[in-house]
Amino acid sequence: MLRHHSLPSEFAPLAMDFGEYVYHRASHRVPLLWAMHSLHHSDPAVDASTTPRHFWVEPAIKTFTIYLAVGLLFRASAPILAVYWFISIWNYVLHMNIRLSFGRMWFLLNSSQFHRVHYSAEPQHRDRNFGALFTIFDALFGTAYVPSPGEYPVTGLEDGDIPGSILEAFLAGSWLLASNRAGLTHQPRIDGICSPPQARLRMHV
Ligand SMILES: [Zn+2]
């Protein structure tokens with residue numbers, strides 16, 4: 001019966017990517033999520049190795065929210081999921097420190113130059129380019145910043161604090177929350193529902 005009412009599985013990758021976009025935006029708004037996500041942003045030199053640099057709880061949260069919801073709604077078939085997995089490898093390309101850009105066709109697919117803007121230390125790039133594989137959601141929801149040719153900003157967090165060991169990275173969430181309680185600036189200040197994260201950028205690496 002559920003199969004009869006499920007949505008076309010061909011749209012599952014797009015729905016999955018929309019879920020990633022929503023979760024990513026929430027990660028920059030909700031202090032607890034930012035405490036985890038800021039580990040990803042704490043890399044002072046973004047490159048392909050930044051791709052899997054996520055607090056270990058985050059994949060579990062997404063598995064029981066985004067992936068479960070898409071799986072139930074779309075009844076994604078194994079081949080469709082395999083396609084999405086294959087496309088996800090593109091994530092490594094996105095994080096490479098290369099100036100790959102699609103120019104005027106930026107809205108078709110994310111690129112390493114477009115994605116680098118998200119990690120930028122420059123104020124005009126703050127809270128832009130949240131998209132994972134596709135850029136269409138940034139375009140639709142007004143968070144797209146299309147870099148000009150050659151625009152390649154420096155990256156990093158404002159305070160530049162990074163985990164000093166594997167154990168610190170493993171404990172990143174509680175470590176960052178504890179730092180915030182101590183008055184440090186790892187975490188965004190929420191001034192209102194629509195206010196952007198604050199105090200997470202620095203001007204040089
Ligand atoms: Zn982010």
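Tutor: Welcome! One definition to start with: a helix axis here is a line fitted to C-alpha atoms over the stretch in contact, and angles between axes run from 0 to 180 degrees, taken between N-to-C directions. Please keep in mind that this is a predicted model.

Student: Thanks! How many helices and how many strands does the chain have?

Tutor: From the N terminus on, the elements run α-α-α-α-α-α-α-α-α-α. The count for the chain is therefore zero strands and 10 helices.

Student: Where in the chain is confidence highest, and where is it lowest?

Tutor: Mean pLDDT over the chain is 77, and 74% of the residues reach 70 or more. Residues 181-205 have a pLDDT below 50, although this stretch has 54 contacts beyond near neighbours in sequence in the model. Among the helices, the highest confidence is in α8, at 97, and the lowest, at a mean of 51, is in α10 (residues 172-181).

Student: What share of the residues in the chain is buried?

Tutor: A residue counts as buried when 20 or more other C-beta atoms lie within 10 Å of its own. Of the 205 residues in the chain, the buried ones make up 28%.

Student: Of the contacts with a separation of 6 or more, what percentage joins residues 24 or more positions apart?

Tutor: Two residues are in contact when their C-beta atoms lie within 7 Å. Among contacts with a separation of 6 or more, residues 24 or more positions apart account for 67%.

Student: Let's look at helix pairs. Are α2 and α4 roughly parallel or roughly antiparallel?

Tutor: Helix α2 (residues 12-27) packs against helix α4 (residues 57-74) with the axes 10 Å apart and an angle of about 150°. Angles over 145 degrees count as roughly antiparallel. The two helices are therefore roughly antiparallel.

Student: Which residues of α4 meet α2?

Tutor: The crossing of these two helices is right-handed. The contact residues divide into eight nonpolar, one polar and two charged. On the α2 side are Ala-12, Ala-15, Met-16, Gly-19, Glu-20 and Tyr-23, and they meet these residues of α4: Lys-62, Ile-66, Ala-69, Val-70 and Phe-74.

Student: Gly-19 is on that list. Which residues does Gly-19 touch beyond its neighbours within four places in sequence?

Tutor: Gly-19 lies in helix α2 and counts as partly exposed because it has 18 C-beta neighbours inside 10 Å. Its C-alpha is 8.2 Å from that of Tyr-67, which is 48 residues away in sequence. Setting aside neighbours within four places, the residues in contact with Gly-19 are Ile-66, Ala-69 and Val-70.

Student: How does α2 lie relative to α5?

Tutor: The axes of α2 and α5 (residues 78-88) cross at roughly 50° and come within 9 Å. An angle like that falls outside the roughly parallel, antiparallel and perpendicular ranges, and so α2 is to α5 oblique.

Student: What classes of residue make up that contact?

Tutor: Helix α2 passes α5 in a right-handed crossing. Ala-12, Pro-13 and Met-16 of α2 make the contact with Ile-80, Val-83, Tyr-84 and Ile-87 of α5. By class, this contact has no polar, no charged and seven nonpolar residues.

Student: On to the loops. Is Asn-110 buried or exposed?

Tutor: Asn-110 sits in the loop between α6 (90-95) and α7 (112-116). Not counting residues up to four places away, Asn-110 touches Leu-94, His-115, Gly-131, Ala-132, Leu-133, Phe-134 and Thr-135. Because 25 C-beta neighbours lie inside 10 Å, Asn-110 counts as buried.

Student: How far apart in space are Gly-156 and Asp-43?

Tutor: Gly-156 is in the loop between α8 (136-140) and α9 (166-170). With 22 C-beta neighbours inside 10 Å, Gly-156 counts as buried. Gly-156 and Asp-43 are 113 residues apart in sequence, while their C-alpha to C-alpha distance is 6.2 Å.

Student: Asp-127 caught my eye. What is the phi of Asp-127?

Tutor: Most residues other than glycine have a negative phi. Asp-127 lies in the loop between α7 and α8 and is partly exposed, because 15 other C-beta atoms are within 10 Å. Its phi is positive, near 55°.

Student: And is Asn-129 buried or exposed?

Tutor: Asn-129 is placed in the loop between α7 and α8. Its phi is positive, about 55°, although Asn-129 is not a glycine. With 23 C-beta neighbours inside 10 Å, Asn-129 counts as buried.

Key: Residues are numbered from 1 along each chain as its sequence is written. This is a predicted model: local features need pLDDT of at least 70, side-chain atom pairs count only at pLDDT 80 or more; totals for chains, interfaces and linings use all residues. Helices (H or I, at least four residues) and strands (E, at least two) are DSSP runs, numbered from the N terminus. Angles under 35 degrees count as roughly parallel, over 145 as roughly antiparallel, 65 to 115 as roughly perpendicular and the rest as oblique. A crossing is left-handed if the near helix is turned anticlockwise from the far one by less than a right angle, and right-handed if clockwise. Ala, Val, Leu, Ile, Met, Phe, Trp, Tyr, Cys and Pro count as nonpolar, Asp, Glu, Lys and Arg as charged, and the others, Gly among them, as polar. A residue is buried if 20 or more other C-beta atoms lie within 10 Å of its own, exposed if 12 or fewer, and partly exposed in between; C-beta atoms are placed from the backbone. pLDDT is the predictor's confidence in each residue, from 0 to 100.
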